[in-house]
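Reader: I have a model open in front of me and would like to learn how to read it. Where should I begin?

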Amino acid sequence: QRLNRDLARQLLVEQNLSQGEELHAEEIQQLFSRYMHINPAIEIYLLDTDGNILAFEAPQMRIKRERVDMAPIKQFLSGDTAYPILGDDPRSENREKIFSAAAYPFQGPPTQYLYVVLGGEDYDTVKALLHDSYFVQVSIIAVIASVAFGLLLGLFMFNLLTRRLF
């Protein structure tokens, strides 16, 4: 979260979206789609000041919440707190995740927020597959066994070669 702290703001700045008082859901949805295809591990949402979700890039049935709690977002934007800060995951009724957020417009009181969930649903799916994968578990055990065997063999050979010196 610390490494991606400014991700949401960078997305807005990079697209020259700093003109106007509000972002329009239709226009920004294409931006969401493009960035989520580049980095499928993130999910991007446009929120109003009450935390209501105005725009997102996902099938409607995958969104489980219509709003997110604004307290973690305001805590994140204040900048004087310890990480990680967990915010609501719109794709789950009770899960929280780390995120990046930016207020819009940049000058004056915010009217909207860009909310970027780091480690989205696709990331969780791949992580679960790797964690539960028999092949990965066997590979890890094989690597550990190979290193241990190599270390023991090396110590044995070192002992054989240096025994006559002492």
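Author: Begin with the sheet, and keep in mind that this is a predicted model. The 5 strands form an open sheet in the order S2-S1-S5-S4-S3, with antiparallel pairing.

Reader: Which strands stand at the edges of the sheet?

Author: Strands S2 (53–56) and S3 do. Each has a single partner strand, so one side of each is left without a neighbour in the sheet. On average, neighbouring strands of this sheet are turned by 40° against each other, direction ignored.

Reader: What holds strands of a sheet together in general?

Author: Strands of a sheet pair through backbone hydrogen bonds, and the pairing is either parallel or antiparallel. Here, strand S1 (residues 42–48) pairs with strand S5 (residues 112–118) in the antiparallel sense over 7 bridges. To find your place in that pairing, look for Tyr 45, which stands opposite Tyr 115 in S5.

Reader: How many bridges join S4 to S5, and how many join S3 to S4?

Author: S4 and S5 are joined in the antiparallel sense over 6 bridges. One of the residue pairs to look for is Ser 100 with Val 116, the latter in S5. S3 and S4 are also antiparallel, over 3 bridges. There, Gly 87 has Lys 97 of S4 as its bridge partner.

Reader: Where do the side chains of a strand point?

Author: In a regular strand the side chains alternate between the two faces of the sheet. Next, look at what lies across the strands. Helix H3 (residues 70–78) lies across S1, S3, S4 and S5, and runs at about 65° to S4.

Reader: In what order do the helices and strands come along the chain?

Author: From the N terminus on, the elements run α-α-β-β-α-β-β-β-α-α. That order covers the 5 helices and 5 strands of the chain. Compare it with the order in the sheet, S2-S1-S5-S4-S3.

Reader: What share of the contacts joins residues 24 or more positions apart?

Author: Among contacts with a separation of 6 or more, such residues account for 56%.

Reader: Now for charged residues. How many salt bridges are there?

Author: The count comes to 4 salt bridges. In one of them, the side chains of Glu 43 and Arg 91 meet, at 3.4 Å from N to O. This pair links distant parts of the chain: Glu 43 belongs to strand S1 and Arg 91 to the loop between S3 and S4, 48 residues apart.

Reader: Are Glu 43 and Arg 91 buried or exposed?

Author: A residue counts as buried under 20% relative accessible area. Glu 43, at 2%, is therefore buried. Arg 91 is buried as well, with 8%.

Reader: Which residue forms a salt bridge with Asp 88?

Author: Arg 65 does, with the closest N and O atoms 2.9 Å apart. Again distant parts of the chain are linked, with Asp 88 in strand S3 and Arg 65 in the loop between S2 and H3, 23 residues apart. Asp 88 has a relative accessible area of 10% and is buried. Arg 65 counts as buried too, at 13%.

Reader: Where is Asp 89 in the chain?

Author: Asp 89 is in the loop between strand S3 (86–88) and strand S4 (96–104). With a relative accessible area of 1%, Asp 89 is buried. Leaving out residues up to four places away in sequence, Asp 89 touches Glu 43, Arg 65, Arg 95, Glu 96 and Lys 97.

Reader: What does Asp 89 do with Arg 95?

Author: Their side chains meet in a salt bridge, at 2.9 Å from N to O. Salt bridges that share partners join Asp 89, Arg 95 and Lys 97 into one network. Arg 95 counts as partly exposed, at 31% relative accessibility.

Reader: What share of the residues is buried, and how much area does the chain expose?

Author: Of the 166 residues, 34% count as buried. The chain exposes about 10,900 Å², and carbon and sulfur atoms supply 59% of that area.

Reader: Which residues form a nonpolar patch on the surface?

Author: They are Phe 149, Leu 153, Phe 156, Met 157, Leu 160 and Leu 161, with about 620 Å² of accessible area together. As an example, take Leu 160, which is in helix H5 (residues 134–162). Leu 160 is partly exposed, with a relative accessible area of 33%.

How values were computed. Residues are numbered from 1 along each chain as its sequence is written. This is a predicted model: local features need pLDDT of at least 70, side-chain atom pairs count only at pLDDT 80 or more; totals for chains, interfaces and linings use all residues. Side-chain values use heavy atoms; hydrogens and water are left out. Helices (H or I, at least four residues) and strands (E, at least two) are DSSP runs, numbered from the N terminus. Buried means under 20% relative accessible area, exposed over 50%, partly exposed in between (1.4 Å probe, protein chains only). Contact means heavy atoms within 4.5 Å. Two strands pair if DSSP finds at least two bridges between them. Axes are lines fitted to C-alpha atoms, for helices over the stretch in contact, and angles run from 0 to 180 degrees between N-to-C directions. Accessible areas come from the Shrake-Rupley method with a 1.4 Å probe; for residues, only the protein chains shown count as cover. Patches are made of residues with over 30% relative accessible area and no salt bridge: like charges are joined within 9 Å, nonpolar side chains (Val, Leu, Ile, Met, Phe, Trp, Tyr) within 5 Å.
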